[in-house]
Amino acid sequence: QDRPPITGIAHVTLKTNDLAAARQFYGHDLGMQEVAKRGGPDRVLFEVNERQYVEVLQELKGDEDRLVRIAFETKDAKKLLQFMARHAVKTPASVTKNADGSVRFRVADPENHEIEFVQYSAASLLPKLPAAGGADDRISKSIIHGGFLVQDRAAEDKFYKDVLGFDEMWHGGPTDDAVNWVDMRVPNGNNWLEYMCNTRNPSVRTRGVMNHLALGVPDANAAYKQLTDRNAKLTEKPKIGRDGKWQLNLYDPNQ
């Protein structure tokens with residue numbers, strides 16, 4: 001096997017039309033610190049941990065998708081690009097080297113979701129939190145999965161499973177005979193990608209449910225209390241999902 005390791009989710013990039021409202025949600029309510037010197041007037045990185053962040057871009061127009069891309073960490077971006085090219089994936093000609101020392105490239109999966117692969121250097125890792133003299137207000141310290149709408153599970157499997165080595169760890173639906181959700185774990189880590197199946201012509205709200213990121217917490221009910229204490233806008237309470245995990249669904253200002 002000459003495919004370099006893919007170890008987990010590096011970041012999730014979203015669009016907003018109100019960066020101030022996004023700062024209230026991700027910064028105040030969820031307690032994520034902004035990454036200094038790596039953003040800009042229309043781009044903010046909210047740190048989850050030194051290897052993961054949520055990137056928010058102020059460029060949303062109308063009813064377009066809010067999810068821009070999901071990025072995965074790899075140990076060797078250049079070799080992974082070459083590996084994917086050999087397996088008939090349309091790739092850029094070369095990787096991009098960034099000022100912070102990271103190396104990355106982007107591709108489109110069979111359903112045109114933008115996927116990025118990033119290789120960190122020691123310099124490109126985010127600062128360890130909490131920052132000097134600052135409190136650690138994070139509700140969560142890890143992104144455990146990201147999900148998006150999938151219309152053709154077989155086509156997606158050819159990309160994620162057959163080429164990249166993702167492995168199905170669970171599938172289920174609202175009833176025992178339905179398969180609406182398929183959890184595909186990265187080949188060399190514990191994070192996963194969730195296919196959200198069987199949804200046609202979704203509204204903006206439904207797309208917001210399907211195209212999502214999940215933050216891991218030790219106790220969903222304790223997280224609910226923290227968010228309540230911060231006067232976060234909550235529309236649901238913690239519940240046990242079909243996969244047996246406690247979950248609390250939140251919606252950012254752009255749903």
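**Notebook: core and sheet**

I began with the largest nonpolar core, which has 48 residues. Tyr26, Phe72, Met84, Phe117 and Leu164 touch the most other members. I note that this is a predicted model.

Next I asked which helix gives the most to this core. I found helix α2, residues 77–86, with five residues.

I then picked Met84 and looked up its contacts. Leaving out residues up to four places away in sequence, I listed Val89, Thr91, Phe105, Val107, Phe117, Phe159 and Leu164. Phe117 and Leu164 are also among the core members that touch the most others.

I looked for another core as well. One of eight residues lies apart from the largest. Val35, Tyr53, Ala71 and Tyr120 are among its members.

I moved on to the sheet. In what order do its five strands run? I read β10-β11-β12-β9-β13, in an open sheet with mixed pairing. Strands β10 (167–172) and β13 (212–215) are at the edges. Each has a single partner strand, so one side of each lacks a neighbour in the sheet. I also noted the turn between neighbouring strands: 20° on average, direction ignored.

I checked one pair in detail. Strand β11 (residues 181–185) pairs with strand β12 (residues 192–196) over five bridges, in the antiparallel sense. Which residue of β12 is the bridge partner of Val182? I found Tyr195.

Last, I looked at helix α3, residues 153–163. I saw that helix α3 lies across β9 (143–149), β10, β11 and β12. Against β12, helix α3 runs at about 170°.

How values were computed. Residues are numbered from 1 along each chain as its sequence is written. This is a predicted model: local features need pLDDT of at least 70, side-chain atom pairs count only at pLDDT 80 or more; totals for chains, interfaces and linings use all residues. Side-chain values use heavy atoms; hydrogens and water are left out. Two strands pair if DSSP finds at least two bridges between them. Helices (H or I, at least four residues) and strands (E, at least two) are DSSP runs, numbered from the N terminus. Axes are lines fitted to C-alpha atoms, for helices over the stretch in contact, and angles run from 0 to 180 degrees between N-to-C directions. Contact means heavy atoms within 4.5 Å. A nonpolar core is a set of buried Ala, Val, Leu, Ile, Met, Phe, Trp, Tyr and Cys residues joined through side-chain atoms within 4.5 Å. Buried means under 20% relative accessible area, exposed over 50%, partly exposed in between (1.4 Å probe, protein chains only).
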